[in-house]
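Here is a short guided look at one protein model, written to be read with the structure open beside you. Take your time and follow along residue by residue.

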Amino acid sequence: MKTARARTCLPVIAACVALLMCGWADAREIWSSDDGGRTADLVTAFKQSTLISDDDSLTGLCRLRFALSARLGADTTVEAAYEQRLRTLGSPPSGDLAVLPSQADAPYRIVQLDDAIRETDAYGYRHELDRALAALHDERASVTVGRQAVGWGKGVLFSGIDVFAPFSPLEVDREWRRGIDAIRADVRLGDTASLDVVGAFGESWDDSALLGRLRARTASGLVDAEFIAGKRAEDTMFAGAFSATVGDAAVHGELALFDTPDGFADGGLFGGDDLVAKAVLGASYTFNIGNGLTVWAEYHFSGFGSDDMALAQQRLADPAYVARILRGDTQILGRRAAAIQTSYLVDDLWTVSLVWIANPDDGSGVLAPSAKLTLSDNVTILGSFYVPYGDGLDAAGTPQSEYGAAPSTVFLQLAIYN
């Protein structure tokens, strides 16, 4: 097995070194006009991630990303990001905690612009245009057109209203949300209110979204709220969210209702099966311990999940349900989840954290302690250990709980920025 792993790692290392030698950029600012009014910056990032599981599976992911941003005038900016990825799989894993970014097509893209350079049974070498946008700004509004990242919601690990390519709860690297093809207008309605309208476009109207979000906050800034209405793919969506400061703590909540066209078995509200709810309630507090120990806690409900894990597994055979999973309509297979996340800055070099996610219905969960070493402003090393627990597989190989069948996994990542 060690020999097989070595064979698997070698193409990753060789390709990443080649990518670095071919693509590394030394300078951040690559151009500026004489008067400094127009500039162009390039940020290069390299990440080597490795997953080692106790079922002898090994996955490697090497990412090299170039992010170009330019200011063309006082009110106009453009951005682009191009990425190459090399993913290897030594042997098939017996479960997936969605720690690494999904390999599926990104939602809300007219054209993916994510193609294979070379793919074999052992590895896939792909490249992608993940950002390509132009933005106009003034004091009252901003308009952004093109491939961009759009993130909504108050939640830390879960969300009911983050509908544009959300991260999975256990996805460890959340630096780059996948870009979507969209037109976004953010208009200020005064000192404490704004209207955010996003049109996100897929290959068809049923794959597209058109949503408006009205945001308002109190004059003190201690409470803010938002209301969302519109179309998310084939669903009609209505939602609200809030966050507030209560003493030294912060609380947040989200509630979203989706009117689904074909109904959703055992997920509906008020006696019907077409109205599906998602909700998040959470809080955070920083304890005065050492450098400050911050703790977040969240409870999440998803009507797109199921109390019965056997039924949840059966749904994965339905292409329409799989499409919802891949689009991020639900972040869990179960109906309920509870989570706690802590983070502590030990010193200038070390940050440690712990994530615990549990399914209260079947008793399964995942513990994920992590440590991050910051070697310099440009280099970090991250290590995480994922320890699932709960009922595993039955005699037919069917998972009996949401997390219990997944293998224990070590995640290691080297990140270099320039």
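What follows covers a surface patch, salt bridges, a pocket, two cavities and a few loop residues. Please keep in mind that this is a predicted model.

**A nonpolar patch on the surface**

Let us begin on the outside. Val187, Leu189, Leu195, Val197, Trp205, Leu210, Leu214 and Phe227 come together as a nonpolar surface patch, and their accessible area adds up to about 710 Å². Two elements, β9 (193-200) and β10 (209-217), each give two or more residues to this nonpolar patch. Val187, another member of the patch, sits in strand β8 (residues 180-188). With a relative accessibility of 34%, Val187 counts as partly exposed, because that class runs between the 20% limit for buried and the 50% limit for exposed.

**Salt bridges, exposed and buried**

The model has 34 salt bridges in total. Three of them are set out here, each with the distance between its closest N and O atoms.

| Salt bridge | Closest N and O atoms |
|---|---|
| Arg188 and Asp191 | 3.6 Å |
| Asp235 and Arg232 | 3.1 Å |
| Arg324 and Asp329 | 2.9 Å |

How do these pairs sit with respect to the surface? In the pair of Arg188 and Asp191, Arg188 is partly exposed at 38% relative accessible area, while Asp191 is exposed at 64%. For the pair of Asp235 and Arg232, both residues are buried. Burial also applies to the pair of Arg324 and Asp329: Arg324 has a relative accessible area of 8% and is buried, and Asp329 is buried with a value of 0%. Elsewhere, salt bridges with shared partners link Arg63, Arg65, Glu83, Arg85, Arg109, Asp114, Glu119, Arg126, Glu128, Asp130, Arg131 and Arg178 into one network.

**The second largest pocket**

Now turn to the open spaces. The second largest pocket has a volume of about 610 Å³. Its lining is made of 27 residues, and those closest to the pocket centre are Val172, Asp173, Ser353, Ser370 and Leu382. Five strands each supply at least two lining residues to this pocket: β16 (336-345), β17 (350-358), β18 (365-374), β19 (379-389) and β20 (409-417). By class, the lining of the second largest pocket holds 12 nonpolar, nine polar and six charged residues.

**Two closed cavities**

Rolling a probe the size of a water molecule over the atoms shows where empty space is left. In this model there are two cavities of 30 Å³ or more.

The largest cavity has a volume of about 40 Å³. Ser49, Leu61, Arg63, Val99, Leu100, Pro101, Glu171, Val172, Asp173, Phe411 and Gln413 form its lining. Strands β3 (58-71) and β20 are the elements that give two or more residues to the lining of this largest cavity. Sorted by class, its lining has six nonpolar, two polar and three charged residues. A few names here will be familiar: Val172 and Asp173 line the largest cavity and are also among the residues closest to the centre of the second largest pocket. Arg63, another residue of the cavity lining, belongs to the salt-bridge network described above.

The second largest cavity contains about 30 Å³ of space. Which residues line the second largest cavity? They are Val156, Leu157, Trp296, Ala297, Glu298, Ala339, Ile340 and Gln341. The elements giving two or more residues to this lining are β15 (293-302) and β16. The lining of the second largest cavity has six nonpolar residues, one polar and one charged.

**Loop residues worth a look**

Asn378 is placed in the loop between β18 and β19. Its relative accessibility of 34% makes Asn378 partly exposed. The C-alpha atoms of Asn378 and Ala415 are 7.8 Å apart, although 37 residues separate the two along the chain.

Finally, consider backbone angles. Most residues other than glycine have a negative phi. Ala98 has a positive phi, near 55°, and Leu113 also has a positive phi, of about 50°. Ala98 is found in the loop between β4 (76-89) and β5 (114-119), and Leu113 is found in the loop between β4 and β5 as well. Ala98 is partly exposed at 27% relative accessibility, and Leu113 is partly exposed with a relative accessible area of 41%.

How values were computed:
Residues are numbered from 1 along each chain as its sequence is written. This is a predicted model: local features need pLDDT of at least 70, side-chain atom pairs count only at pLDDT 80 or more; totals for chains, interfaces and linings use all residues. Side-chain values use heavy atoms; hydrogens and water are left out. Patches are made of residues with over 30% relative accessible area and no salt bridge: like charges are joined within 9 Å, nonpolar side chains (Val, Leu, Ile, Met, Phe, Trp, Tyr) within 5 Å. Accessible areas come from the Shrake-Rupley method with a 1.4 Å probe; for residues, only the protein chains shown count as cover. A salt bridge is a side-chain nitrogen of Lys or Arg within 4 Å of a carboxyl oxygen of Asp or Glu. Helices (H or I, at least four residues) and strands (E, at least two) are DSSP runs, numbered from the N terminus. Buried means under 20% relative accessible area, exposed over 50%, partly exposed in between (1.4 Å probe, protein chains only). On a 1 Å grid over the protein atoms alone, a cavity is a set of points where a 1.4 Å probe fits but cannot get out, and a pocket is an open set with protein on both sides within 12 Å along at least five of seven lines; lining residues have an atom within 4 Å of a point. Grid points are joined across faces, edges and corners, and a volume is the space filled by probe spheres set on the points. Ala, Val, Leu, Ile, Met, Phe, Trp, Tyr, Cys and Pro count as nonpolar, Asp, Glu, Lys and Arg as charged, and the others, Gly among them, as polar.
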